[in-house]
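Open your viewer and get ready to click through a few stops. At each one you get a selection to make and a short account of what is there.

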Amino acid sequence: MAQQSADDVYNHYIAGGWSDGDGGETFESENPATGEALATFERGTESDVDAALEAADEAAEEWRALSYIDRAEYLWDIYHELRERTDELGEIVTKECGKEISEGRADVIEAYHMVEWAAANARHPHGDVVPSEIASKDAYMRRKPRGIVGCITPWNFPVAIPFWHMAIALVEGNTIVWKPAEQTPWCGQIIAEMFEDAGIPDGVFNMVQGFGDAGAAITDDERVDTVLFTGSAEVGHEIAGKVGAEPGKLAACEMGGKNGIIIAEDADMDIAIHSAIMSSFKTTGQRCVSSERLIVHEEIYDEFKDRFVEVAKSISVGDPLAEETFMGPAIESQHVEKIAKHNELARQEGAEVLVDRFELEDEEIPDGHEEGAATAADGERSGSFANGHWVGPFVYELEYDSDLRCLQEECFGPHVALIEYSGDIDRALEIHNDTNYGLAGAIVSEDYRKIHRFRDDGEVGLAYANLPCIGAEVHLPFGGVKKSGNGYPSAREAIEAVTERTAFTLNNSKEIEMAQGLSADILTDD
């Protein structure tokens with residue numbers, strides 16, 4: 001971070017400059033693997049958000065007057081910086097949000113892929129030429145920027161998701177007010193520095209650090225034309241409800257999931273195990289697309305269970321900066337407690353626990369860390385940690401019942417249920433779709449008919465076959481259905497949320513002729 005020395009408090013970025021705001025309160029970024037404080041940041045207030053929105057409003061007219069290509073030039077500078085600093089920034093992502101180092105680097109790579117797509121799209125055709133019923137007319141569909149876009153982004157992809165939101169919004173001619181997640185302000189600080197280094201005009205990009213109150217001040221303000229939100233279902237639904245009541249304002253929200261993988265009787269077992277492990281435990285299960293339900297056919301259930309359990313028992317949990325680590329820590333102590341409650345709920349509802357590594361063994365804690373214990377609300381030990389927030393895989397099986405909360409409520413951790421099914425693909429889909437969520441899912445099968453049934457009838461926004469249900473690519477839409485979202489606030493579909501479409505028709509004749517046979521004659525009493 002170049003703004004100040006490491007001992008200082010880092011500021012908001014408003015109207016092209018660094019602002020300490022007027023709140024007076026600060027907060028720290030913490031390394032979830034060690035508990036170490038990384039840096040201190042100003043906590044934004046409603047007044048700070050007001051200043052950022054005022055700056056975005058003042059900058060909007062000049063920014064939208066630039067060509068697509070001129071706007072994209074600022075992003076190309078950021079693209080090159082992200083590429084050149086991938087290893088450095090990947091390590092920062094890992095230190096601040098705890099996911100293992102290959103995922104930290106992938107976060108940065110995904111960010112520059114998104115910037116590359118958005119900036120390159122500036123030179124691609126925009127809008128459509130549409131045939132008119134009348135030969136003398138030309139009809140077009142054009143896009144215009146909506147205005148000010150408020151972006152609220154999560155901690156688990158602290159570099160990638162901000163650029164999912166902001167890169168396209170900026171190229172399309174909008175100005176930005178962004179609140180990074182309070183758990184990952186260091187990544188937010190570095191992104192703001194990149195925009196400053198790129199020389200983006202004052203007020204076009206603004207960042208306010210802080211907590212939910214700052215986010216609410218952004219989403220609730222009438223000057224914000226579109227809200228792009230990625231985060232929890234609870235917050236997203238609240239935002240969507242408020243914004244939906246404001247005429248002309250849009251909210252595109254991508255939220256959580258209770259994602260499932262169907263393992264059919266003809267599945268390639270190696271692919272099935274690999275896909276299930278990746279989907280369940282990458283990022284310590286802290287992805288909105290992580291799988292918490294594995295729906296396995298009875299003919300192969302025992303073999304799948306034995307092999308999956310064997311791998312889950314030996315998954316490498318440890319220092320996220322070490323290349324040999326598969327799972328790092330959970331993000332924070334409150335989240336450890338949440339995972340503990342979900343594990344206990346499964347037990348209470350009759351689950352047969354197959355793997356319980358929630359409380360890691362001492363030798364599994366990374367070297368050089370002093371072990372302690374997290375405490376749940378009831379005062380009982382709720383998880384091992386070593387100044388960090390350590391948890392391991394929790395795997396259980398139980399008979400399917402739609403009323404079981406453990407099969408309906410998202411844990412957002414390394415918590416996964418094995419569910420045996422009998423019958424055909426219809427039964428598997430019935431179980432798979434029996435959730436209020438609809439974000440991601442997968443099927444593992446060698447039968448293309450089953451795969452196509454899942455493609456067509458799986459109630460998800462992101463469907464995979466013979467793959468994990470994680471690993472989206474930036475040029476594809478990303479979002480869900482049902483409780484998982486009301487729009488696609490990322491990838492190419494974000495264009496729909498940050499632009500207005502205008503149908504434009506030009507008459508090239510000296511006469512007026514109307515479509516649908518409507519008479520254009522002007523009749524008078526004479």
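Begin with helix H13 and show its surroundings: the cover over the buried residues of H13 includes strand S13 (259–263), helix H12 (425–433), strand S20 (440–444) and strand S21 (462–465). Keep in mind throughout that this is a predicted model.

**Stop 1: helix H13 and its start**

Now select H13 itself, residues 448–457, and display the side chains of Lys 450, Ile 451 and Phe 454, which are its buried residues. Look down the axis: these residues cover an arc of only 100 degrees, so they sit on the same side of H13.

Next, add Asp 447. This residue caps the N-terminal end of H13, with a side-chain oxygen 2.8 Å from the backbone nitrogen of Arg 449. Which residues share a network of salt bridges with Asp 447? Select Glu 265, Asp 266 and Lys 450 to see them; together with Asp 447 they are linked in that network. Lys 450 thus appears twice at this stop, as a buried residue of H13 and as a member of the salt-bridge network.

**Stop 2: a tour of salt bridges**

Side chains of opposite charge can pair when their charged atoms come close. How many salt bridges does a search of the whole structure find? The search returns 31, and three pairs are picked out here.

Select Arg 43 and Asp 213. They form a salt bridge whose closest N and O atoms are 3.6 Å apart. Arg 43 belongs to the loop between strand S5 (37–42) and helix H1 (46–65), while Asp 213 belongs to helix H7 (residues 212–220), so the pair ties together parts that are 170 residues apart in sequence. Both ends can be seen from outside to some degree: Arg 43 is partly exposed at 25% relative accessible area, and Asp 213 is partly exposed at 43%.

Move on to Arg 85 and Glu 88, another salt bridge, where the closest N and O atoms are 2.9 Å apart. Glu 88 is partly exposed, with 41% relative accessibility.

Then pick Asp 356 and Arg 347, whose side chains meet in a salt bridge with an N to O distance of 2.4 Å. Asp 356 has a relative accessible area of 39% and is partly exposed; Arg 347, at 35%, is partly exposed too.

**Stop 3: Glu 292 in strand S14**

Is Glu 292 buried or exposed? Select this residue, which lies in strand S14, and turn on the surface: Glu 292 is buried, with a relative accessible area of 1%. Its side chain reaches the backbone nitrogen of Phe 412 at 2.8 Å. Leaving aside neighbours within four places in sequence, the contacts of Glu 292 include Lys 258 and Asn 259, along with Glu 409, Glu 410, Cys 411, Phe 412 and Gly 413. His 415, Val 416 and Ala 417 are also among the contacts of Glu 292.

**Stop 4: two positive phi angles**

Stay with S14 and select Thr 283, which is in the loop between helix H9 (269–281) and strand S14 (291–297). Its phi is near 60 degrees, a positive value in a residue other than glycine. Thr 283 counts as buried, at 3% relative accessibility.

Now jump to Asn 466, in the loop between S21 and helix H14 (494–498). Here phi is near 55 degrees, again positive in a residue other than glycine. Asn 466 counts as partly exposed, at 23% relative accessibility.

**Stop 5: Ser 102 in helix H4**

Select Ser 102, found in helix H4 (residues 101–120) and partly exposed at 33% relative accessible area. Show Glu 100 as well: a polar contact of 2.6 Å joins the side chains of Ser 102 and Glu 100. Then label Ala 322. The C-alpha atoms of Ser 102 and Ala 322 are 9.3 Å from each other, although these residues are 220 apart along the chain.

**Last stop: a nonpolar surface patch**

Finish with Ile 512, Met 514 and Leu 518, which form a nonpolar patch on the surface and together have about 300 Å² of accessible area. Center the view on Met 514, which lies in the segment after strand S22 (499–507). Met 514 is partly exposed, with a relative accessible area of 33%.

Terms used:
Residues are numbered from 1 along each chain as its sequence is written. This is a predicted model: local features need pLDDT of at least 70, side-chain atom pairs count only at pLDDT 80 or more; totals for chains, interfaces and linings use all residues. Side-chain values use heavy atoms; hydrogens and water are left out. A salt bridge is a side-chain nitrogen of Lys or Arg within 4 Å of a carboxyl oxygen of Asp or Glu. Helices (H or I, at least four residues) and strands (E, at least two) are DSSP runs, numbered from the N terminus. Buried means under 20% relative accessible area, exposed over 50%, partly exposed in between (1.4 Å probe, protein chains only). The arc is that of the directions from the helix axis to the C-beta atoms. Contact means heavy atoms within 4.5 Å. A polar contact is a pair of N or O atoms within 3.5 Å; within protein, one must be able to donate a hydrogen and the other to accept it, and residues adjacent in sequence count only if both atoms are side-chain atoms. Patches are made of residues with over 30% relative accessible area and no salt bridge: like charges are joined within 9 Å, nonpolar side chains (Val, Leu, Ile, Met, Phe, Trp, Tyr) within 5 Å. Accessible areas come from the Shrake-Rupley method with a 1.4 Å probe; for residues, only the protein chains shown count as cover.
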